[in-house]
Amino acid sequence: MGAPHAAAPQAAAPQPVGVPEAAAPQAGAPVPPAPSQELRAALAGVRAEVGKAVVGQDSAVTSLLIALLCHGHVLLEGVPGVAKTLLVRSLAAALSLDTKRVQFTPDLMPGDVTGSLIYDAKTSQFSFRPGPVFTNLMLADEINRTPPKTQASLLEAMEERQVSVDGEPRMLPDPFVVIATQNPVEYEGTYPLPEAQLDRFLLKLVLNLPEREQEVEVLARHAAGFDPRDLRGAGLRPVADADVLARARAEVGRVQVSREVLGYAVDVCRATRFSPSLSLGVSPRGATALLRTSRAWAWLSGRSFVTPDDVKALAHPTLRHRIQLRAEAELEGVTAESVLDAVLASVPVPR
């Protein structure tokens, strides 16, 4: 489902067994403090709240939390009707964050996203009118429907957390995360994101169609009166806020990574550059992204250090959009997922 392959962490997940020695803190090294149970419980509560509105997307919610913990952006891919918009709205409500949705269309202009200067006839001066990018969670719906000029208007916001209008930079709120969606099956009239912009997304999540029992549950909720436009009516309440996220991010930043695990993450990324099926492998930026997501996943799992399994769990969502298949490989049925599976199977795991 495009999320970490391991099970989603609970508030008080037990310590994993069989952790490789290379991953654990070395003897004599200062032991970092254990992740706060209070903060982890708060974020586990966010997953439970979102579950009141969205069925069967626990791993996607966990991945979105990882993106928030890493100050990263997310590309959501899925056919229409798999609750992409509802997922973002529910997450914002559970975290008490502001959210705005922009429907990307061929006639959307950069100023429609970032904001623009408006002339005030009364004062004979220009004033800045903020665009929808000035929010905490920005849902860029069908981002591949708008021309490259408008797509590029998000680059500065995503990378620098600011927008410049008339030469003056204006800071965006904290946290700020772009969650962009695109339809994987309809390409007529679309503008595929260039590799440079894809690389700005921390994660790419693939939302599949629900299982039969999950879809029955969706219909049962609607039959009982569930209204996706009324999240409060569904019983969804804020259980965390920006302060909880800020404190959790500070703890994630203290999660230790041994030299051996760093080398393993680098070897996984370097192996993609030599794959005969790929014309473009993972860049060093992708390697740093894998480090960031692995640390967040380790923290959510209740550990103060990263293991090779954390790297493996986040490799697919972190790297799948950073590699480019050769045309002949695509014709042979090779996919980004199969290439990453082969890479993970070939790179030796530190012990």
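Rings of Phe, Tyr and Trp, the last represented by its six-membered ring, are taken to pair if their centres lie within 6.5 Å, with planes over 60 degrees apart counted as edge-to-face. In the predicted model described here, this rule yields a count of two aromatic pairs. One of them joins Phe128 and Phe134, whose rings adopt an edge-to-face arrangement with a centre-to-centre distance of 5.8 Å and an angle of 70° between the planes. Phe134 has a relative accessible area of 17% and is therefore classed as buried, the limit being under 20%.

The chain as a whole contains 13 helices and eleven strands. Of its 351 residues, 49% are buried. Among contacts in the chain with a separation of 6 or more, 82% are accounted for by residues 24 or more positions apart.

The nonpolar interior was examined next. The largest nonpolar core comprises 73 residues, and those with the most contacts inside it are Leu43, Val46, Leu69, Leu91, Leu95, Leu137 and Trp299. When neighbours within four places in sequence are left aside, the contacts of Leu43 are Leu65, Leu69, Leu95, Val244, Leu245, Ala248, Trp299 and Leu300. A second core, separate from the largest, consists of 21 residues, including Met138, Ala140, Leu154 and Leu193.

A further aromatic residue, Phe226, is located in the loop between α7 (212–223) and α8 (242–252). Phe226 has a relative accessible area of 14%, and because this value is under 20% the residue is buried. Outside its neighbours within four places in sequence, Phe226 is in contact with Lys52, Ala53, Leu86, Arg221 and Ala234. For one of these residues, Ala53, the C-alpha atom is separated by 8.3 Å from that of Phe226, although the two residues are 173 residues apart along the chain.

The largest pocket encloses about 850 Å³ of space. Its lining is formed by 28 residues, of which Leu198, Lys204, Arg320, His321 and Ile323 are the closest to the pocket centre. At least two lining residues are supplied by each of α6 (195–198), β9 (203–206), β11 (324–325) and α13 (336–346). The largest share, three residues, comes from α6. In terms of residue class, the lining of the largest pocket divides into twelve nonpolar, eight polar and eight charged residues.

Key:
Residues are numbered from 1 along each chain as its sequence is written. This is a predicted model: local features need pLDDT of at least 70, side-chain atom pairs count only at pLDDT 80 or more; totals for chains, interfaces and linings use all residues. Side-chain values use heavy atoms; hydrogens and water are left out. On a 1 Å grid over the protein atoms alone, a cavity is a set of points where a 1.4 Å probe fits but cannot get out, and a pocket is an open set with protein on both sides within 12 Å along at least five of seven lines; lining residues have an atom within 4 Å of a point. Grid points are joined across faces, edges and corners, and a volume is the space filled by probe spheres set on the points. Helices (H or I, at least four residues) and strands (E, at least two) are DSSP runs, numbered from the N terminus. Ala, Val, Leu, Ile, Met, Phe, Trp, Tyr, Cys and Pro count as nonpolar, Asp, Glu, Lys and Arg as charged, and the others, Gly among them, as polar. A nonpolar core is a set of buried Ala, Val, Leu, Ile, Met, Phe, Trp, Tyr and Cys residues joined through side-chain atoms within 4.5 Å. Buried means under 20% relative accessible area, exposed over 50%, partly exposed in between (1.4 Å probe, protein chains only). Contact means heavy atoms within 4.5 Å. Rings of Phe, Tyr and Trp (its six-membered ring) pair if their centres lie within 6.5 Å; planes under 30 degrees apart count as stacked, over 60 as edge-to-face and the rest as tilted.
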